[in-house]
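The following exercises are to be worked with the sequence and the model in view. Each task is followed by a solution in steps.

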Amino acid sequence: MERIIVNQMTCFFLDTGVINKAQHGFLKGLSTTTNLLEAFSDWTLSIQAQKSVSVAYIDFAKAFDTVSHPNLLHRLKTYGIDGCLLHWIEIFWSGRTQANRVGKCVSTIMNLSSGTIIIG
């Protein structure tokens, strides 16, 4: 079920321009590796054309760990996700818990009120 919803939302976001078709990392077949390969090709062409190249990479992976679920639901609504789908996502996130394990030691179970859930 989750995979169907993610696929439909991805198509919706691509069609409405929320996600650019060149976005790496969120789209099937595109990843940080393909992004680096494409960027390396662009840099090589620029250097061959004797143009300067400046590069800045920022890793936002940890930023998604602090996304507030209510704020993300609000943002989805502003992008046009509403009705039953928005309600389903809200229910999907509600009651989520997390515990960490190192070896045989397990932490206390905590409720999740932020972060994203990876579906894949």
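**Exercise 1. Determine how exposed F12 is, and describe its surroundings.**

Solution. Step 1: F12 has a relative accessibility of 30% and therefore counts as partly exposed; buried means under 20% relative accessible area, exposed over 50%, and partly exposed in between (1.4 Å probe, protein chains only). The model is a predicted one, in which local features need pLDDT of at least 70 and side-chain atom pairs count only at pLDDT 80 or more, whereas totals for chains, interfaces and linings use all residues. Residues are numbered from 1 along each chain as its sequence is written, and side-chain values use heavy atoms, with hydrogens and water left out.

Step 2: F12 belongs to helix α1. Helices (H or I, at least four residues) and strands (E, at least two) are DSSP runs, numbered from the N terminus.

Step 3: Leaving aside neighbours within four places in sequence, F12 is in contact (heavy atoms within 4.5 Å) with Y79, G80 and I81. For F12 and I81, which are 69 residues apart along the chain, the C-alpha separation is 9.1 Å.

**Exercise 2. State the order of helices and strands in the chain, and characterise the chain as a whole.**

Solution. Step 1: Four helices and four strands are present. Along the sequence they follow the pattern α-α-α-α-β-β-β-β.

Step 2: Of the 120 residues in the chain, 14% are buried. The chain exposes about 9,700 Å², of which carbon and sulfur atoms supply 58%; accessible areas come from the Shrake-Rupley method with a 1.4 Å probe, and for residues only the protein chains shown count as cover.

Step 3: Consider contacts between residues at least 6 apart in sequence: 44% of them join residues at least 24 apart.

**Exercise 3. Identify the buried residues of α4, and explain how they are arranged around the helix.**

Solution. Step 1: Helix α4 covers residues 83-93, and its residues L86, I89, F92 and W93 are buried.

Step 2: Viewed down the axis of α4, the buried residues fall within an arc of 120 degrees, so they line one face of the helix. The arc is that of the directions from the helix axis to the C-beta atoms.

Step 3: The cover over the buried residues of α4 includes α1 (2-15) and α3 (69-78).

Step 4: Just after α4, G95 takes a positive phi of about 75 degrees.

**Exercise 4. Which residue has a positive phi although it is not a glycine, and where is it placed?**

Solution. Step 1: Most residues other than glycine have a negative phi. Q50, which is not a glycine, has a positive phi of about 60 degrees.

Step 2: Q50 is placed in the loop between α2 and α3. With a relative accessible area of 76%, Q50 is exposed.

**Exercise 5. Describe K21 and K28 in the loop between α1 and α2.**

Solution. Step 1: K21 is found in this loop and is exposed, at a relative accessible area of 61%. Leaving aside neighbours within four places in sequence, K21 is in contact with L14, L27 and L30.

Step 2: K28 also lies in the loop between α1 and α2, and K28 counts as exposed at 80% relative accessibility. K28 and T10 are 18 residues apart in sequence, with 9.6 Å from C-alpha to C-alpha.

**Exercise 6. How many disulfides does the structure contain, and how accessible are C11 and C84?**

Solution. Step 1: A disulfide is a covalent bond between the sulfur atoms of two cysteines. The criterion applied is a pair of cysteine sulfur atoms within 2.5 Å.

Step 2: A search of the whole structure finds zero disulfides.

Step 3: C11 counts as partly exposed at 42% relative accessibility, while C84 counts as exposed at 70%.
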